[in-house]
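Please open the structure in your viewer and keep the selection tool at hand. The tour below moves from the whole chain to single residues, with a suggestion at each stop of what to select next.

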Amino acid sequence: MKFSSEKFMQSADMPVVQVKPGLSRQILGYNDDIMLVKVMFGEEMVGQRPAFHSHPHTQSSFVVSGKFEVHVGDDVMVLSAGDAFCAAPNVPHEAYCLEPGVLIDGFSPMREDFLK
């Protein structure tokens, strides 16, 4: 394996990276095949429409808290705690924050760019 996190990771020991004001992420675990990331949307992100983006990874995301207008390709749905979505590789998608909250994103294969 080229990339791998520790077998056990405790939240207090995992760095939180501020992507921009109000948006941060914490890598929860990974290897070459999969990555789990906690993404935190603060009050500053409410009403800020992110750009549609795509990547060569399958992404499956679980809404821990908050409310998001999620676009996957041409489909749109408002999701809140307990809901989830999946975006196939190279399909444009975005999670527009309607209320501050947290997503748990899973990527396959892992996102090497998140380790830089």
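With the whole chain selected and its surface displayed, the accessible area comes to about 6700 Å², of which 55% belongs to carbon and sulfur atoms; areas of this kind are calculated by the Shrake-Rupley method with a 1.4 Å probe, and for residues only the protein chains shown count as cover. What you see is a predicted model, in which local features need pLDDT of at least 70 and side-chain atom pairs count only at pLDDT 80 or more, while totals for chains, interfaces and linings use all residues. Residues are numbered from 1 along each chain as its sequence is written, and side-chain values use heavy atoms, with hydrogens and water left out.

Switch now to a cartoon view, where the chain shows zero helices and seven strands; helices (H or I, at least four residues) and strands (E, at least two) are DSSP runs, numbered from the N terminus. The radius of gyration, taken over C-alpha atoms, is 14 Å, close to the 13 Å that the globule rule gives for 116 residues, so the chain is as compact as a globular protein of that length; that rule is 2.2 Å times the number of residues to the power 0.38.

Select strand E4, residues 58-72, together with E7, and you will find the two running antiparallel, joined by 13 bridges; strands are said to pair if DSSP finds at least two bridges between them. E4 is also joined to strand E6 (residues 84-87) by four bridges, again antiparallel, and here Ser61 stands opposite Phe85. With strand E5 (residues 75-80), E4 pairs in the antiparallel sense over six bridges, and Glu69 has Val78 as its bridge partner in E5. At the turn of this hairpin, which has two residues between the strands, look for Gly73, whose phi is positive and near 60°.

Next, select Val102, which lies in strand E7 (residues 93-108) and stands opposite Ser65. Is Val102 buried or exposed? At 16% relative accessibility it counts as buried, a word used for under 20% relative accessible area, with exposed meaning over 50% and partly exposed in between (1.4 Å probe, protein chains only). Leaving aside residues up to four places away in sequence, the residues that Val102 touches include Met40, Phe62 and Phe68, contact meaning heavy atoms within 4.5 Å.

For the interior, select Met35, Val37, Phe41, Phe68, Val70 and Leu103, the residues with the most contacts inside the largest nonpolar core, which has 22 residues. Such a core is a set of buried Ala, Val, Leu, Ile, Met, Phe, Trp, Tyr and Cys residues joined through side-chain atoms within 4.5 Å. The elements that give two or more residues to this core are strand E2 (23-31), strand E3 (34-41), E4, E6 and E7.

Finally, move to the segment after E7, where Pro109 has its place and is joined to Ser108 by a cis peptide bond with omega of about -10°. In the segment after E7 you can also select Arg111, which is buried, with a relative accessible area of 10%. The side chains of Arg111 and Asp113 are joined by a polar contact of 2.7 Å (a pair of N or O atoms within 3.5 Å; within protein, one must be able to donate a hydrogen and the other to accept it, and residues adjacent in sequence count only if both atoms are side-chain atoms). Beyond residues up to four places away in sequence, Arg111 touches Met35, His55 and His57.
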